[in-house]
Amino acid sequence: MSIPYSGTIRRSGGVVSAIGKQLRAVNLKAAKRITVKFDPFGDNVIHTRNFLHYMSSPKISLTNPNCALKTEIVCDRSEPTVDITIVPSIAETANIKKVTFKSGNLTCLELLQLLNKHITPLAPAEQISTTITTKSEKKGRKK
């Protein structure tokens, strides 16, 4: 009598693949402004800076070109924070104007998970319009 296999088929990809998975799910259509505030000489600021780096990438900024990414560098030993201001039309329906993440004890992965949990679902759903074109219509356009 054998014991059935109960583990995973393969090992996980690790933290880097988990961050990549969260970055693919980010949608900033509900965000009007993202303000990242940190003290560069403080403790636990590395993950906040990495989060800022990921948010400034072109693929993320293409999800909402109107979203402003602002960095505030302070020198008062304050805790790093990420403030996200919601678009007014969405803020009225969701009764949320601003979301603040105190990122002093959070990793970059946890910040991305919180972003996807609280901000991405507020984004309006994309309406996919598919039109069927025939071969004759395609040929008519080329001429």
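**Exercises around helix α2**

T48 has its place in helix α2. The model you are looking at is predicted, so let's work through it one step at a time.

**Exercise 1.** Determine whether T48 is buried or exposed, and find which residues it touches.

*Solution.* Start with accessibility: buried means under 20% relative accessible area. T48 has 0% relative accessibility, so T48 counts as buried. Next, set aside the neighbours within four places in sequence; T48 is then in contact with V36, P80, V82, S103 and L111.

**Exercise 2.** Describe how helix α2 and helix α5 pack: at what angle do their axes cross, and which residues make the contact?

*Solution.* First, take the axes of α2 (residues 46-55) and α5 (residues 108-118): they come within 8 Å and cross at roughly 50 degrees. That angle makes α2 oblique to α5. The crossing of the two helices, α2 and α5, is right-handed. Now list the contact: α2 supplies H47, T48, N50, F51, Y54 and M55, while α5 supplies C108, L111, L112 and L115. Finally, sort the residues of this contact by character: seven are nonpolar, three are polar and none is charged.

**Exercise 3.** Work out how many disulfides the structure holds, and look at C108 and C75 along the way.

*Solution.* Recall that a disulfide is a covalent bond between the sulfur atoms of two cysteines. A pair counts when the sulfur atoms are within 2.5 Å. For C108, the closest cysteine sulfur is in C67, 16 Å away, which is too far for a bond. C108 counts as buried, at 4% relative accessibility. C75, by contrast, is exposed, with a relative accessible area of 63%. The count for the structure is zero disulfides.

Terms used: Residues are numbered from 1 along each chain as its sequence is written. This is a predicted model: local features need pLDDT of at least 70, side-chain atom pairs count only at pLDDT 80 or more; totals for chains, interfaces and linings use all residues. Side-chain values use heavy atoms; hydrogens and water are left out. Axes are lines fitted to C-alpha atoms, for helices over the stretch in contact, and angles run from 0 to 180 degrees between N-to-C directions. Helices (H or I, at least four residues) and strands (E, at least two) are DSSP runs, numbered from the N terminus. Angles under 35 degrees count as roughly parallel, over 145 as roughly antiparallel, 65 to 115 as roughly perpendicular and the rest as oblique. A crossing is left-handed if the near helix is turned anticlockwise from the far one by less than a right angle, and right-handed if clockwise. Contact means heavy atoms within 4.5 Å. Ala, Val, Leu, Ile, Met, Phe, Trp, Tyr, Cys and Pro count as nonpolar, Asp, Glu, Lys and Arg as charged, and the others, Gly among them, as polar. Buried means under 20% relative accessible area, exposed over 50%, partly exposed in between (1.4 Å probe, protein chains only).
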